[in-house]
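Let's take a walk through this one together. Keep the view open beside you and turn it as we go.

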Amino acid sequence: MLSRRQGFYVQAALPAPALLIVTGAIAYPLGLELWFSLSNAQVGQFGNFVGLANYAYLLHQPTYHQALVNTLIYTVATITIKAILGMAVALAIARHFPGRRLVYAFLFLPFVFPMTMGTMAWYYLLSNVHGALNYILMQSKLVPDGVNWLGSSGPLPMASLITVNVWHETGLFAVLLLAGLRSIGSEMIDSARLDGATSTQLFLHVVLPLLRPALVLGAALALMGSFGDFAIVHVLTNGGPANHTQTIPHLAFMVALRDGDVGVGGAVAISLLPVYFLMLAYLLRTVRR
Amino acid sequence: MAIQDPPRPSSPLVPRRGTREPSPRPRGHEIGDTTFGRWMRIYVPVLLMLLVALFPFYWMLITSFKSPSELLDFSQSPLFVIKPTLEHYRHLFTQTNFARWTLNTAVVAVASTLISLLCSILAGYSLARLRYPGASAIGWGVFVTYLVPPTLLFLPLVLLIRELHLFNNLWSLILTYPTFLIPFSTWLLIGYFKSIPRELEESALMDGATRVQALLRIIAPLAFPGILSAAMFAFTLSWNEFLYSLIFMNDTIAKTIPVGVTSELIRGDDFFWGELMAASLLGSLPVALLYSFFVDRFVAGMTAGAVKG
């Protein structure tokens, strides 16, 4: 019986290291960052309490407003496009055809490929100095002078960021949706077909509702990836030109570590966390029911 | 007390998710399929998708083989390489610290993966199996923690690493990567552990095995596919990590591949595209190889939560 009693303590102790680290990974940074956002801390200091001064300061900063809008556009656009394209990929490769496994592996490759390296390749692809995309556009006489993808002041730099993000992460949605599709089973599809359902009806009323868990998980993971993206913005545009593609995580990095103003940088990072958690809670609530 | 060998199932007991019953019709043809319909619905979209997904890789490959003069020759099409050369690959190893960055990345990725796995297996098992108050709340908390973007919480870690004097030290990464690896792999493993029938270990416990023995000898072998998935994801995430490494590693010889490549192969406005693309390909080779051998594990790991929700 001794082993049973020992067993209880062992059971209780098993999650200890992970819980310690998880608590450390969330409570310590959240708490300290909250403090930073309420202080005048510089790099390497704790700083003094200044109340909500940093947040008040941000309210009047056009750069911050721009980063807010950009983060929202970037997040919503990438998630929507990835969900639609991922669905298209999943539907296309759900059926048997020769070479399917290879296609499957290739389509998922951008997702495991290091984001920084993939973005570097895109930077060169989009370059207006001998970049492939401009070369193709100019050769085909579609756009005789080429397009300034990353440096113009219009919507093109943001569109480029979204493109790279979509290229990188569509595979995730595709794989999740494909797993969902396969779990539906052919009998249900066949019986709906035999009952006279059209393809559209079949998709909207049979397939889509069953794919909801997969869509929600994909959206939650994509929300984290897009909302928290730093690498693509940093490598592709560095927030430029003139903050046109600045996002919240990248702005927090720039303000806190480039300018050394940890207090304001902390406020930038913390300010959007409630919104993030609300979006996340909304998503996850739909799957729990 | 001597313990009987645990019963070894002859067939895997973990139900294989994502497999579909073979259809009685010819391979893959659904009711109402025509050849034209298959082309429009499968082959054309798939070829287009492949083109977009793979073109950047083609671009990296040809750029890495171009000679410097070819890279600067604007009269020639950039889409092909005329005289391939390995010059840039040689440069990486003779003129830059690429070999050292690779070593750093490998050490950090292996160490942080091992630490994270050890913690996650224990925690995942405990949260999936044992009935104690709050287990499901903790499991939920682990998932939410995993979903908090690390890019929003790096400032406190900067202070911590500064206090510990770990700047430019690989330990700074080995200690911080588990903060996002553990929540993820624990969440993934909880799902796997839950899919293993309880009766298996209960009979072992009846026979006098302790929990730890049950975990090591019955559960761990059965959950091995899940553990492999978690290991590969953790390894890939650490290998590819950018922000923490960018902040903590400033010395040339302390950098990891993503940071070294994007900082040292660009001088001001000079991009050394040949070396950059060669390094991007070589630097992701371990991840790509791992992926090509175990693509099913990757996918199974990613989709573990997708079907059941």
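Two residues are in contact here if their C-beta atoms, placed from the backbone, lie within 7 Å. Keep in mind, too, that this is a predicted model.

With that in hand, start where the chains meet. The contact draws 87 residues from chain B and 84 residues from chain A. On the side of chain B that touches chain A, the biggest contributor is α1(B), which supplies 13 residues. Sort that side of chain B by class and you get 56 nonpolar, 24 polar and 7 charged residues.

Now zoom in on α1(B) and one of its partners across the chains. Two packed helices are described by the angle between their axes and the distance between the axes. Helix α4 of chain A (residues 62-93) and helix α1 of chain B (residues 35-65) pack with their axes 9 Å apart, at an angle of about 130 degrees. An angle over 115 degrees but not over 145 falls into the oblique class, and α4(A) and α1(B) are therefore oblique to each other. Their crossing is left-handed. From α4(A), the residues that make the contact are A:Ala88, A:Val89, A:Ala92 and A:Ile93, and from α1(B) they are B:Arg41, B:Ile42, B:Pro45, B:Val46 and B:Met49. Class by class, this patch of α4(A) and α1(B) has 8 nonpolar residues, no polar ones and 1 charged.

Let's stay with chain B for a moment. Chain B has 309 residues, and 46% of them are buried. Its secondary structure comes to 16 helices and 2 strands. Look at the contacts in chain B with a separation of 6 or more, and 79% of them join residues 24 or more positions apart.

One helix pair inside chain B is worth a look. How do α5(B) and α8(B) cross? The axes of α5(B) (residues 135-147) and α8(B) (residues 178-194) come within 8 Å and cross at roughly 135 degrees. This pair, α5(B) and α8(B), is therefore oblique as well, and the crossing of α5(B) and α8(B) is left-handed. On the α5(B) side you'll find B:Gly139, B:Val142, B:Phe143, B:Thr145 and B:Tyr146, and they meet B:Pro183, B:Phe184, B:Thr186, B:Trp187 and B:Ile190 of α8(B). That contact between α5(B) and α8(B) comes out as 7 nonpolar and 3 polar residues, with no charged ones.

Back to chain A, and to the interior. The largest nonpolar core has 165 residues, and those that touch the most other members are A:Ala121, A:Leu177, A:Leu236, A:Ala252 and A:Val268. Helix α8 of chain A (residues 156-184) gives the most to this core, with 14 residues. Pick out A:Leu177 and set aside its neighbours within four places in sequence: A:Leu177 is in contact with A:Gly86, A:Met87, A:Ala90, A:Leu211, A:Ala214 and A:Gly218.

A:Ala252, another of those well-connected core residues, leads us to helix α13 of chain A. This helix spans residues 248-258 and is mostly covered, with 9 of its 11 residues buried. The buried run takes in A:Ile248, A:Pro249, A:His250, A:Leu251, A:Ala252, A:Phe253, A:Met254, A:Val255 and A:Ala256. What do the buried residues of α13(A) pack against? Their partners are α4, α12 (231-236) and α14 (262-271) of chain A, together with α6 (154-163) of chain B. After α13(A) comes A:Gly260, whose phi is positive, near 80 degrees.

Most residues other than glycine have a negative phi, and most peptide bonds are trans. That makes the loop between α12 and α13 of chain A a good next stop, with A:Asn238 and A:Ala242 both placed there. Phi of A:Asn238 is near 55 degrees, positive even though the residue is not a glycine. A:Ala242, also not a glycine, has a positive phi of about 50 degrees. Are these two buried or exposed? A:Asn238 is partly exposed, because 13 other C-beta atoms lie within 10 Å, whereas A:Ala242 is exposed, with 10 such atoms.

Last, go to A:Ser199 in helix α10 of chain A (residues 199-210). A:Ser199 is exposed, with 12 other C-beta atoms within 10 Å. From there, look across to A:Ile270: the two lie 71 residues apart along the chain, and 46 Å separates their C-alpha atoms.

Note on methods: Residues numbered from 1 in each chain as written. Chains lettered and ligands numbered in written order. Predicted model: local features only at pLDDT ≥ 70, side-chain atom pairs only at ≥ 80, totals over all residues. Axes fitted to C-alpha atoms, helices over the stretch in contact; angles between N-to-C directions. Helix = DSSP H or I, 4+ residues; strand = E, 2+ residues; numbered from the N terminus. Parallel < 35°, antiparallel > 145°, perpendicular 65-115°, else oblique. Left-handed = near helix turned anticlockwise from the far one by under 90°. Nonpolar A, V, L, I, M, F, W, Y, C, P; charged D, E, K, R; others polar. Core = buried A, V, L, I, M, F, W, Y, C linked by C-beta atoms within 7 Å. Buried ≥ 20, exposed ≤ 12 C-beta atoms within 10 Å, placed from the backbone.
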